[in-house]
Each structure stands twice: as structure tokens, then as C-alpha cells.
Amino acid sequence: MNKSKHIILLATLAFITVTSFAQQKAKISISTKKVFIYSTVKGSDKPMEETKTLAFKALKQPVETQTLVFVDPNKTFQTFIGIGGAITDASAEVFAKLPKATQQEFLTAYYDKNKGIGYTIARTNINSCDFSSGSYTYVAENDKALKTFNIDHDRKFKIPLIKQATATAGGKINLYVSPWSPPAWMKTNNSMLKGGSLLPAYNQSWANYYVKFIQAYEKEGMPIWGLTVQNEPMATQRWESCLYTAEEERDFIKNFLGPTLHKNNMASKKLIGWDHNRDLIYQRASTLLNDPQTAKYLWGVGFHWYETWTGSSQNFENLKRVHEAFPTKQLIFTEGCVEKFSLDRIDDWSLGERYGLSMINDFNAGTAAWTDWNILLDENGGPNHVGNFCFAPIHANVQTGKLMYTNSYYYIGHFSKFIKPGAKRIISSPSRSMLISTAFQNPDGSIVVVVMNNTDQKLPYQLWMQGNAAETESLPHSISTLIIK
């Protein structure tokens, strides 16, 4: 054997030995790890309670009669950015009416990573939206040059809450911003409400408007992480709305908004297209991202969950198609809430289950960040200047100064408290359709598996990884977070 072949053989043997040792070490390390379980169960008054600690036992080959959730950390997918909610005018106005102690309870509940559920993302509105007490803009009528631009309106309620939320979150939050409508005089229907479109004569002024808003917020000490082009660009709403076809949004990004951001040193801002429901997401994404001149400005595609208004179920498969077709772009859930508020339903378990179903499927489809709608509303599901009252995870009775936690808050917390920014999604694969799950590996190496059961059955199962399994059970109408470390 010549010298070069001998060296190659030795290197190959060394690689095999090291690989075998690493695989053996991985199996040994899994067998010595513990599984800590936190559960929220219908009928229990102890949400997110640490219920038990499990140990792994060897189980090389499961059989068909066993129920299992298979986890494979060797297959990694998107990087997790975070979870949060929208700080709207309505949320900020309700917050301002609460006693100081209740305000602190609220901030801790959402933004404290140890005592709360650790929100790391926030969204807020540019100009008014339906969850404002009235319509407003930041400029005087017909000020095309935007010389009168100022954010005094936001200094009363929104800005103080954003700053307090950021401080409670540890001094940093990924804040992104979204417009519902340009000023009325920029639009074809001369109204901020009921649809209408941006007049071509104001394309550049409107692009400049985003920059003015971002500059004004950042001057106040609130860094802007990203922005969406337009909230729900295919919806003619009775509240603030503005319509863009896919081609119109493409051309506005390509010719105006994208270049304007870059000229103003904002190329690093995460620009998000669509910001509407999953039903039409592929058509919009393909129109935007198949155009290289538009795609170069876009960080990702945002989506909502309201396609159910048509009678459809949630179109999770459409997200997968976008992720498959455009894997270099991010998916971000930008808004969702349960509509048609009724105080009688404040304890309805289905509120949280809608969140759990969406979050698990959205993450499994490639979603990197997830943003709820209003973080706080009052005992009427508002304020809302067009009567579009909705649910939030937390409501406040402004008469008593007390908070009301829906189970949505806890369902969201099963993800946001335990999955850390920078985590990688890994495989989680249940053997029964009655269980749904997703899993991530945190930067510290811990593995987080979320398992949800929205059936009436108690389902014993085993968490299986690398030839080892830990026995547990999923109670009816429950969600559990299993942490392997």
C-alpha cells in the first residue's frame, strides 16, 4: 500500500471511529437526560403548571399499537425569531386607565422572561386602525412634502406603553410597524375607510411617510426592526383600509418603497409583503418574489388567519407552498385574533385551542416569527371606533382595574416562554392524528416539544428520541410543553 492510500485509510478509520463515538455519546446523553413537563388542561385552575419529570428508557423499535411523538434534533429547519403581540392605540388606551399595580402585573405577564411569557416582538400601527378611538394621521391636509409630520398623537398612550414593554423585556424588542391607510387625500376614495387605493401622484410621498415615521420613532429611542407594506391589501373594510393588487404592491415596493428605504439608510429594516390571509398568499408571494427587482427589497411574507371568514379551515398547506418555492425568504404571522367579542365567552376553551392549532401548524410550515393582535382590550372587546370588537389574550375591566386572562394567553405562553430566539426548529412527528406537535432546539441545547390534544380523549404516549422513550399522557383539551435537558 502506498503512503497516500495508507493516510486516506487511516483518516477514514478515524472518521468512522469518531462518528461512531459521537453517535454512541448522543444516545448515552439522551438516556441520561430528563423531561420536564408544563401543562395547561381544561378544567384545571393551574395553567402552565409543572406537572411531572420523566426519564428516558431504551425503546429501539416501537410497534404500531404504541402512540409516540418522534423527535429528531439532527434535522433542523428555520431559525426562530420570537413571539409577541400588537401594541395598538386600543391596547395603550386601556393600559393607561389601569392602576399602577395592575399595569405592572400586565407588563410582567407578557414581557418578563422569567415571571411572564417572554414576548420579544411587537407590532404597532402607522396612522389609525380600527382599534383606535378615531381616525388620525401625522400630517396636515394636502401636505405632500410632509413638512408638518409629527407623532404627537402617539406620545399620549402608545409610545409610553411601547417603552415600558421594551424595558420589561430586558431593553430590547423587535418592533415592526404597519399602515392601515394613507391619509384620505392620498387615496382614490378620499377616505381612510372602506378601501380605496393610493393615488399614483402620491407614491413617493407615501414611501417617504414610512421613513418619516421610522425616523420619528427611533428619535424617541424605539428602534424599528421591520415594517409591512400594507395591512390586508385585498380587504375593503369599513375601517381604515387600502387596496393593492399583487402587481400594484410589487411595483410600489420596486419603484418607491424599497429604493426610498435604501436611500435613507434603512436597508437593514425587515420589509414584509402581503400581511393578509393564507388563502391568497401564494399568488401574492409569487408575484412579488418572482420579480428580482422587488424580491431584493423583501425580507419576507406576512400572513393572518382570517381566511376562515369564507367558511374555509386554516390554509396551512399554502404556507408550505410559499416556503418550498421561496426558501430564502421568511414567513411571519403578523395578526390573528378571535372575532366577535362576548364577555360570556371569556372562559371559552376554544379560544386557546385556535391559537395552539395555528401556532403548531404555522411553525411546522416554516414560520419564523408569530405576532398576536391586540395585547390588551377592555371588558367590551375594545375600544374600536367602528364597533369591530374582538378577543385579546388579556382583557381589563377598566371599572374594577382587574385583569382577565383568557386561556389564549397560556396557550401562547407554552411557546413564547420556552422557545428562545435563535432556536432551530427540529422534527416532531406524532404517530396519531389526535396529537399535534412542534419542536425546537434552543441555543443552549435544550429541546422544547409542544404537544396539543384538542380531543375528548386521554391519550397515553411516549416521547421517542434516538432509541429512547419517556412515557407520559396527554389529557383531554390540553397543551403541554416538554423540555428535554
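**View 1. Glu249 and its partner Arg284 in a predicted model**. Glu249 is a buried residue, with a relative accessible area of 1%. Arg284 is buried too, at a relative accessible area of 1%. In this predicted model, the two residues form a salt bridge, and their closest N and O atoms lie 2.7 Å apart. The contact links distant parts of the chain, with Glu249 in helix α7 (residues 246-263) and Arg284 in helix α8 (residues 281-289), 35 residues apart.

**View 2. A salt bridge between strands β11 and β6**. Here you can find Glu335 paired with Arg123, the closest N and O atoms being 2.9 Å apart. Glu335 belongs to strand β11 (residues 330-335) and Arg123 to strand β6 (residues 121-126), so this bridge links parts of the chain that are 212 residues apart. How accessible is Arg123? Its relative accessible area is 0%, which counts as buried. Glu335 is likewise buried, at 5%.

**View 3. Lys458 meets Glu473**. The side chains of these two residues come together in a salt bridge, at 3.8 Å from N to O. Lys458 sits in the loop between β18 (447-453) and β19 (459-465), while Glu473 is in strand β20 (residues 468-474); they are 15 residues apart. Is Glu473 buried or partly exposed? With 31% relative accessibility, Glu473 is partly exposed.

**View 4. A network of salt bridges**. Take a moment to trace the four residues linked here: Asp152, Arg155, Lys163 and Glu220. For the wider picture, a search of the whole structure turns up 18 salt bridges.

Methods:
Residues are numbered from 1 along each chain as its sequence is written. This is a predicted model: local features need pLDDT of at least 70, side-chain atom pairs count only at pLDDT 80 or more; totals for chains, interfaces and linings use all residues. Side-chain values use heavy atoms; hydrogens and water are left out. Helices (H or I, at least four residues) and strands (E, at least two) are DSSP runs, numbered from the N terminus. Buried means under 20% relative accessible area, exposed over 50%, partly exposed in between (1.4 Å probe, protein chains only).
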